[in-house]
Amino acid sequence: GDEASLLWWFSLVQSFVLRPSASLSEVVARHRASLPDRYLGMHVRRGHKWVETPPLPLEAYVTAVSNLSITTGITNVLVVTEDNEVEARLRAMNPLPGGG
């Protein structure tokens, strides 16, 4: 019916709008090639996130990643954040076995 047709058109438009450019795809491919085969990903939101919800303390992220690291045996962690202080604070904490 009309709803299915509207969903199809919406999906089609989104597939074009959300498709990365060739240059962005190239940058992503280059960075992916530099990552280890297995790693944990951690997105530490700061910036304007406080508008939606109070920020989690960095220790909460560290606890979650440490538990995953113990469970999976993975000590490589990819940290994504817009807060320049996060990386320095994480390095100072040295939260993973072996200094991952």
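## Glu 59 and its contacts

Leaving aside residues up to four places away in sequence, Glu 59 touches Arg 89 and Met 93. The model in which these contacts are found is a predicted one. Glu 59 belongs to helix H3, which covers residues 58-72. Its relative accessible area is 40%, so Glu 59 is partly exposed, a class that lies between the limits of 20% and 50%.

One of the two contact partners, Met 93, is 34 residues away from Glu 59 in sequence. In space, the C-alpha atoms of Glu 59 and Met 93 are 9.2 Å apart.

## Overall layout

The chain contains four helices and two strands. Taken in sequence order, these elements give the pattern α-α-β-α-β-α. The chain is more spread out than a compact globule, because its radius of gyration is 19 Å, well over the 13 Å that the globule rule gives for 100 residues. The C-alpha trace spans about 55 × 35 × 30 Å along its principal axes.

How much of the contact in the chain joins residues at least 24 apart? Among contacts between residues at least 6 apart in sequence, the share is 72%. The contact between Glu 59 and Met 93 joins residues that are 34 apart in sequence.

## Surface and charge

Of the 100 residues in the chain, 15% are buried. The chain exposes about 7900 Å². Carbon and sulfur atoms supply 60% of that exposed area.

The chain has 9 positive and 10 negative charges. The mean positions of these two sets are 6 Å apart.

## Ile 74, between H3 and S2

Ile 74 is in the loop that runs between helix H3 and strand S2, the latter being residues 77-81. Is Ile 74 buried or exposed? Its relative accessibility is 10%, which is under the 20% limit, so Ile 74 counts as buried.

With residues up to four places away in sequence left out, Ile 74 touches Arg 38, Tyr 39, Leu 40 and Ser 69. Of these partners, Ser 69 falls within the residue range 58-72 of helix H3. Arg 19 gives another reference point: Ile 74 and Arg 19 are 55 residues apart in sequence, and their C-alpha atoms are 31 Å apart in space.

## Val 77, in strand S2

Val 77 lies in strand S2, the strand made up of residues 77-81. Val 77 has a relative accessible area of 26% and is therefore partly exposed. Along the chain, Val 77 and Met 42 are 35 residues apart, and 7.1 Å separates their C-alpha atoms.

## An aromatic pair

How many aromatic pairs does a search of the whole structure find? The search finds one. The pair is formed by Trp 8 and Trp 9, and its geometry is edge-to-face. The two rings are 4.7 Å apart, centre to centre, with 85 degrees between the planes. That angle is over 60 degrees, so the pair counts as edge-to-face.

One member of the pair, Trp 9, has a relative accessibility of 49% and so counts as partly exposed. The limit for an exposed residue is over 50%, which means that Trp 9 at 49% is not in the exposed class.

Definitions and conventions. Residues numbered from 1 in each chain as written. Predicted model: local features only at pLDDT ≥ 70, side-chain atom pairs only at ≥ 80, totals over all residues. Heavy atoms only, no water. Rg over C-alpha atoms; globule rule 2.2 N^0.38 Å. Buried < 20%, exposed > 50% of the residue type's maximum accessible area, 1.4 Å probe, protein only. Contact = heavy atoms within 4.5 Å. Areas by Shrake-Rupley, 256 points an atom, 1.4 Å probe, with all protein chains shown as cover. Lys, Arg positive; Asp, Glu negative; His and termini not counted. Charge placed at Lys NZ, Arg CZ, Asp CG, Glu CD. Phe/Tyr/Trp six-rings, centres within 6.5 Å; stacked < 30°, edge-to-face > 60°.
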